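I opened this entry to look up how the chains are placed around the DNA and how they relate to each other. My notes follow in the order in which I checked things.

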Protein chains: 2
Amino acid sequence: MTKQQRILDAAIDIFTTRGFADTRIDEVAERAGVAKGTVYLHFDSKEALFQAVVDNALAPIRTALELMDGVGHGDPVNAESLHRFYQSISGFIETGVPGAIMRLVIAESGRFPAIAETYYKTIIEPGLGHLTDILDKGSKDGTFNGALIRDHPMALIAPVLLAVLWREMFQEIRPLDTQKFLQVFADMASQGLNPQGSRP
Amino acid sequence: MTKQQRILDAAIDIFTTRGFADTRIDEVAERAGVAKGTVYLHFDSKEALFQAVVDNALAPIRTALELMDGVGHGDPVNAESLHRFYQSISGFIETGVPGAIMRLVIAESGRFPAIAETYYKTIIEPGLGHLTDILDKGSKDGTFNGALIRDHPMALIAPVLLAVLWREMFQEIRPLDTQKFLQVFADMASQGLNPQGSRP
DNA sequence: TGAAAATGACTGACCAGTCAGTCACAATAC
DNA sequence: GTATTGTGACTGACTGGTCAGTCATTTTCA
């Protein structure tokens, strides 16, 4: 593993637990097993390191999303797709990986507007695209009543956001079974979007 | 207005924009129009000031929730209640008040676990209670198929969380009409919970 | 041997928290 | 009514410690 990667790995841990302002470059260097000066050979400044850390941390999430594009490719798209979407996400949430980085992005998005944008383009937009696909294809074969929600696919991302942040903040106070929660939500949503159930 | 309140008002602005670590007591004092030493006459430390600021900032949100308890009291509880719940929340979200404090709480909940707990007890728990009421009463008169979601009322909080954070982070990148979004969600949810629409 | 990489002591800016001193006003004395 | 004394809220210069970023020196390696 390159020194640069070791520095990034050390930095993500400390940035996510302490936040930007409270992270000391000395500590990053120590954890990475290099001297402080070495950090500055690879990154121009603390801010540059932070940007690199966020970009680096978003990579596995992007990969996970890309893999999901493959899931059910060519299969019929319907309520089952929605269930599968949440299913594959819930395992990932439980690793804790997306929670830490999401909290960091939320925390620092005021100081670094650029990372909010990166996060949107990397995670939110592809996620919305995936959901819109499910909704559109589901609508075509009459499974979904997509019109209601066509312009608000983020309604289906909302429970993911909640599950991630709940785990991060309230898990000790009131535990939430991520997988069960998302499945209950998927039930509610797919039934709510089902034209069978529409009212006058 | 007392000096203590002036200090709190100054501090909430600066804490929410800069976060805990980057907030300087000098700046809080200057904005409050007092000397730095005066801040320490009213608060033992920067941390104590921060705790007080969060408690103080949660007050109007708690008030808004308590007012909502009145809304529809005695009325039939059903899909309309859900719509009214989101309706009264969306106006509040658009003030920007809950967004700033929510971001601060998320950002600092790692360093100050106590504020995550305060937030849960003050905002989340009452909100869940309100929703559980709506669901329970709605179930009794057969309006809702509450069984599915009875143990996961946070499914109905999820869109609120998303709307608040979206406004805080992505409003410039992709605007979201909070009220419309919540109404669409309410449609989906109430229909999804309606026994009329249940499938085999 | 010489260039590139790595080091860590050092510097200067920054800031939480302190505390000796001020002063507007209240209480008391005459 | 006026002078004297007392009070404590308020001030802001100061201290001690911290930390991002630098750079002269050392180490590595081809």
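I began with the surface near DNA strand D and looked up which elements supply at least two residues each: I found α2 (25–32) and α3 (36–42) of chain A, together with α3 (36–42) of chain B. The model I am reading is a predicted one. Of these contributions I noted that α3(B) gives the most to the surface near strand D, with four residues.

I then asked which residues come nearest to DNA strand D. Among the 16 residues around this strand, they are Gly37(A), Lys46(A), Ala35(B), Gly37(B) and Thr38(B). Sorting the residues of the surface near strand D by class, I obtained five nonpolar, five polar and six charged.

Next I turned to DNA strand C, which has 15 residues around it, and there I listed Ala35(A), Gly37(A), Thr38(A), Gly37(B) and Lys46(B) as the ones that come nearest. The elements that give two or more residues to the surface near strand C are α3 of chain A, along with α2 (25–32) and α3 of chain B. Here α3(A) gives the most, with four residues. By class, I recorded five nonpolar, four polar and six charged residues for the surface near strand C.

Finally I checked how the two protein chains are related, and I found that a turn of 180° with a shift of 0.0 Å along the axis lays chain B on chain A with an RMSD of 0.1 Å. I entered this as the relation of a two-fold axis. I also noted that 100% of the interface residues of chain B are interface residues in chain A as well, so the copies meet through the same surface.

How values were computed
Residues are numbered from 1 along each chain as its sequence is written. Chains are lettered from A and ligands numbered from 1 in the order in which they are written. This is a predicted model: local features need pLDDT of at least 70, side-chain atom pairs count only at pLDDT 80 or more; totals for chains, interfaces and linings use all residues. A residue is near a molecule or strand if its C-beta atom, placed from the backbone, lies within 6 Å of it. Ala, Val, Leu, Ile, Met, Phe, Trp, Tyr, Cys and Pro count as nonpolar, Asp, Glu, Lys and Arg as charged, and the others, Gly among them, as polar. Copies are superposed by least squares on the C-alpha atoms of residues with pLDDT of at least 70 in both. Two residues are in contact if their C-beta atoms, placed from the backbone, lie within 7 Å.
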